[in-house]
Amino acid sequence: MITRQFGSEVRWMLRRPRTLIGLLGLALVPIVISFGVWLAGEESGGPGIAAILGGNGLVVPIFTLFMSLNLLLPLVASIWAADGLAGEAQHGTLRGLLVAPVSRVRLLFVKLFGLTAMSLLAVTLMAVVGIIAGTAFLGTDGMTTLSGTTLGTGEGLLRIALFIVLVTFQMVSIGAVALAVSATTEHPLVVQAATMVSIIVFQVLGQFPALDWLHPFLITTGFPGLIDVMRDPVPLDQIWDSTLLAGCYLLIGTGLAALRLITKDN
Amino acid sequence: MNKRKASLAAAAAGVVAGAAGLSLLAMPAGAGQPPSLPDVSPESLVEQVLTSKPGAFGGTVEVDNQLGLPAIAEIPQLADGKHSARVWTDGAGKVRLALPNGQSEQTIVSDGTTTWSWNSVTNKVTKAEGKTEQPEEAKAIDPATAAKEIVGLTKEFSDISVDGTARVANRAAYELVLTPKASEKTLVREVRIAVDSELKMPLRVAVLTNGTAEPAGTVGFREINVGPQDPKLFEFTPPANAEVTTPEAEKGERGERPEAGLEQALRGENPQVFGSGWDLVVGARIPADAMTQVPAEAQGLVDRFTKKVSGGWGSGQLFTTKIATVLIADDGRVVAGAVPEQVLFDTIGQVK
């Protein structure tokens, strides 16, 4: 029963034209990055992970996702969360779902599942296009890590898979909080604006050393640590911290959304 | 109706759990209960520190720097704050170091005969052959080596005691405390060395200075696993498209660096040493041509850092941190030490 609801939710999301246009846009990002690095030529070096992109096509998916996590992926998650509840409320279809003999908690889990499935699809799509574009434009010979070691292709793909899971989890956590906002309004734009403003404000707050007591509470603080996937051997503590931090947001977001949905009149 | 209440309670519990989790994550890791260990005499603990030969281990070292240096965008590593490094050693001369800096990383691998040094920022590998000594960087961040050096240099000039126990990187350790004797003119109040109760290896070194409760500098393991390490860690193959150079070629480029002159002078072949113990002062003379080579931009940096001073000895610039003072005279004489500035003014006249 619930699997059928899960399936229909994802099919419903995939049928929206803007979902497809959005996915297409996301797929363009790694192509543009690979093309840009290829155009810049063999010159390598520089700060951060961009330094090891030259001749190292398997790093493109990681680089793309790492850059997109700051703005693009939260935006996409907020769009899906906005469509999930506020969008349905706007079209009047949420009322039908709320009066149906289906538990509201279950309704929330269906929405959360749709968000997770679509996030995983989007992130995986970007990674796969990144692997292809990176290999095509920059060539590949295993995967050079930030530590200067070279991993075999198989192990490189495993790192990419790990990164896909980590980034998807961050996206779902942001989406869960956006779902909580989505449950309170019938204007999808409000949800998107609230989410994006929060993410940007968090990132700005993260820049001030004077506010360092606040930093451990901001989900954006966990983003940079995820790049540890590209070190060898992988240090797990920062990755673990970022994931736990996102997990807390997921709990809070889901809890608030459930509280609102259960108490909603109809 | 009951089901509704149960769902509401579960949702509220989720919110509370998430909020509690956030606060837990934000809290600094507590030191925990100090372990109870059998008593040891300070003398035997000092002996153990000096003779300990750490075996194979891998771990994460955290350097906490509260020297009170100004934050300068050009040299982020100097600014106050925490930096971590990962260290692996087989206990027999093979070492691997990973020094992350933001999203970049520097890796140094030494298999006893060849030292590879990789920097992701420059995409360059430096290969040094026939070097059997530990790389300079490994010495700087290894708490065991740092502790050994401090104890060796200062034990005759200190009151030594064992002040309870501590838990460092989840291992039980004794806290060995070296306090400079009253006759020592130094900025240092005490040095605390946490010595592993089993391995007798220093796990953490903290330097406390006069007038502050928090350590001015701490080097210690955050995490350590003792035992044989993966031998693959001590091998290094340069990435296919990285440039491989030798230290000689690298040095040619490095000679351009403005601070190289000062560094060379202080680390030079035969630095002049005045006094002994805690108020030991190191002196040197920077060659006149190195003094004039300093580019204007670097000079500006130096000026932001330092204070102009003058006296019977001449005039120059004074650079002060909580833990050390450096005096650079305008004629190229340099003295430095963990001492108040007056000691430097008194000593600089002896620099040849």
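User: In this predicted model, what makes Asp331(B) and Arg333(B) a salt bridge?

Analyst: The closest N and O atoms of Asp331(B) and Arg333(B) are 3.1 Å apart. The cut-off is 4 Å between a side-chain nitrogen of Lys or Arg and a carboxyl oxygen of Asp or Glu, so the pair counts as a salt bridge.

User: Is each partner buried, exposed or partly exposed, and why?

Analyst: Asp331(B) has 42% relative accessibility and counts as partly exposed, because that class lies between 20% and 50%. Arg333(B) has 9%, and under 20% means buried, so Arg333(B) counts as buried.

User: How do you know that Asp83(A) forms a salt bridge with Arg16(A)?

Analyst: The closest N and O atoms of the two are 3.7 Å apart. The limit is 4 Å, so the pair passes. Asp83(A) lies in helix α4 and Arg16(A) in the loop between α1 (2–15) and α2 (17–40) of chain A, so the salt bridge ties together parts that are 67 residues apart in sequence.

User: Which other salt bridge does Asp83(A) form, and what does the pair tie together?

Analyst: Asp83(A) also forms a salt bridge with Arg18(A), with the closest N and O atoms 2.4 Å apart. Arg18(A) is in helix α2 and Asp83(A) in helix α4 of chain A, so this pair ties together parts that are 65 residues apart in sequence.

User: Why is Asp83(A) called buried, and what is Arg18(A) called?

Analyst: Asp83(A) has 6% relative accessibility; the class ends at 20%, so Asp83(A) counts as buried. Arg18(A), at 42%, counts as partly exposed. Arg16(A) is buried, as is Asp83(A).

User: How many salt bridges are there over all chains, and which residues are linked in a network?

Analyst: The structure holds 19 over all chains. Asp163(B), Glu175(B), Glu190(B), Arg192(B) and Arg204(B) are linked in a network of salt bridges.

User: Why is His215(A) called buried, and where is its place in chain A?

Analyst: His215(A) has 14% relative accessibility, and buried means under 20%, so the label applies. His215(A) is in the loop between α8 (188–205) and α9 (236–263) of chain A.

User: What makes the approach of His215(A) to Phe208(A) a polar contact?

Analyst: A polar atom of the His215(A) side chain lies 3.2 Å from the backbone oxygen of Phe208(A). The limit for a polar contact is 3.5 Å, so the distance is within it. Leaving aside neighbours within four places in sequence, His215(A) is in contact with Leu205(A), Gly206(A), Phe208(A) and Thr221(A).

User: How do you know that Leu71(A) can belong to a nonpolar surface patch?

Analyst: Leu71(A) has 41% relative accessibility and counts as partly exposed. Patch members need over 30%, so Leu71(A) passes that test. The patch covers about 350 Å² and is made by Leu71(A), Ile200(A), Val204(A) and Phe208(A). Leu71(A) lies in the loop between α3 (59–68) and α4 (72–91) of chain A.

User: Which residues touch the most other members of the largest nonpolar core, and which helix gives the most to it?

Analyst: The core has 81 residues, and those touching the most other members include Ile49(A), Trp80(A) and Phe163(A). Helix α7 (residues 153–182) of chain A gives the most, with 12 residues. Apart from this core lies another, of 18 residues, including Ala85(B) and Met201(B). Ile49(A) touches residues including Val59(A), Ile62(A), Met230(A) and Gln103(B).

How values were computed
Residues numbered from 1 in each chain as written. Chains lettered and ligands numbered in written order. Predicted model: local features only at pLDDT ≥ 70, side-chain atom pairs only at ≥ 80, totals over all residues. Heavy atoms only, no water. Patch = residues over 30% accessible without salt bridge, like charges linked within 9 Å, V, L, I, M, F, W, Y side chains within 5 Å. Areas by Shrake-Rupley, 256 points an atom, 1.4 Å probe, with all protein chains shown as cover. Helix = DSSP H or I, 4+ residues; strand = E, 2+ residues; numbered from the N terminus. Buried < 20%, exposed > 50% of the residue type's maximum accessible area, 1.4 Å probe, protein only. Core = buried A, V, L, I, M, F, W, Y, C linked by side-chain atoms within 4.5 Å. Contact = heavy atoms within 4.5 Å. Polar contact = N/O pair within 3.5 Å; in protein donor to acceptor, adjacent residues only side chain to side chain.
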